Amino acid sequence: IQGVASGAIASTYQKNRVEKICERLGGLTSLAYLWGREQAELMQEMIDEGMHAILIKTSTLGLYPDKHLGLDLKEVLPVLLALRKKYGMENVCGEGGEFESLTLDCPIYKKRIVLEETETVVHSDSEFSPVSYLVIKKYRLEDKQ
């Protein structure tokens, strides 16, 4: 192993942390291929390239468990762009912790993940920053056609 790839886009904290870990592991190379990318463009590119990911946690104003948990990135991107316009939320890819996602399928996966049973947990029912997440209770792997 010669390097570690991270998904850091704009978080200096995340990028620096991975670089420090690489140093401690004997001088591995930190690879941040997404660093500095415009987030809306990056999200659209991921969707266009066949990434099927869903929101599994929401924790910001404008994302609500009954509306947004379990939505595909393609479905939620217009909502995120509206939040960016209305509130100045720059982290359209969720790098600031606004949401977490789970990739169920993408071109490099041999099989897709199918969620069969989930449960929504509301951690904080705040009017301004509700926090909720999906608990995956049952899933299966499915062959691609």
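# Exercises on contacts and burial

**Exercise 1.** List the residues in contact with Thr-60, leaving aside its neighbours within four places in sequence, then place Thr-60 in the chain and decide whether Thr-60 is buried or exposed.

Solution. Contact means heavy atoms within 4.5 Å. By that criterion, and without the sequence neighbours within four places, Thr-60 is in contact with Met-89, Glu-98, Phe-128, Ser-129 and Pro-130. The model is a predicted one, in which local features need pLDDT of at least 70 and side-chain atom pairs count only at pLDDT 80 or more, while totals for chains, interfaces and linings use all residues. Residues are numbered from 1 along each chain as its sequence is written, and side-chain values use heavy atoms, with hydrogens and water left out.

Next, the location: Thr-60 lies in the loop between strand E3 (52-58) and H3. Helices (H or I, at least four residues) and strands (E, at least two) are DSSP runs, numbered from the N terminus. Then the accessibility: Thr-60 is buried because its relative accessible area is 15%; buried means under 20%, exposed over 50%, and partly exposed in between (1.4 Å probe, protein chains only). Finally, a distance: Gln-44 is 16 residues from Thr-60 in sequence, and their C-alpha atoms are 21 Å apart.

**Exercise 2.** Which residues does Thr-58 touch, not counting residues up to four places away in sequence, and how far apart in space are Thr-58 and Val-131?

Solution. Start with the element: Thr-58 is found in strand E3. With a relative accessible area of 0%, Thr-58 is therefore buried. Beyond four places in sequence, Thr-58 touches Leu-63, Pro-65, His-68, Leu-69, Glu-98, Phe-99, Pro-130, Val-131 and Ser-132. Val-131 is 73 residues from Thr-58 in sequence, yet the C-alpha to C-alpha distance is 5.5 Å.

**Exercise 3.** Find the helix that holds His-68 and the contacts of His-68 outside its own stretch of sequence.

Solution. His-68 is placed in helix H3, residues 65-68. Its relative accessible area is 7%, so His-68 is buried. Neighbours within four places aside, the contacts of His-68 are Leu-55, Thr-58, Gly-62, Leu-63, Val-76 and Val-79. The pair with Thr-58 also appears in the list for Thr-58.

**Exercise 4.** Where are Ile-136 and Tyr-139, and what is the accessibility of each?

Solution. Strand E6 (residues 131-143) contains Ile-136, and Tyr-139 is found in strand E6 as well. Ile-136 is partly exposed because its relative accessible area is 34%, whereas Tyr-139, at 52%, is exposed.

Now the contacts, again without residues up to four places away. Ile-136 is in contact with Leu-102, Leu-115, Glu-117 and Thr-118, and Tyr-139 touches Ile-113, Val-114, Leu-115 and Glu-116. Leu-115 lies 21 residues from Ile-136 along the chain, with 7.2 Å between the C-alpha atoms. Val-18 lies 121 residues from Tyr-139, with a C-alpha separation of 31 Å.

**Exercise 5.** How many helices and strands does the chain have, and in what order do the elements run?

Solution. The count is 4 helices and 6 strands. Read from the N terminus, the order is β-α-β-α-β-α-α-β-β-β. Along the principal axes, the C-alpha atoms fill a box of roughly 45 × 40 × 30 Å. Of the 145 residues in the chain, 30% are buried. Among contacts with a separation of 6 or more, 61% join residues 24 or more positions apart.

**Exercise 6.** Which charged side chain sits over the ring of Trp-35, and at what distance from its centre?

Solution. The criterion is that NZ of Lys or CZ of Arg is within 6 Å of the ring centre and within 35 degrees of the ring normal. Lys-15 has its charged end over the ring of Trp-35, 5.2 Å from the centre.
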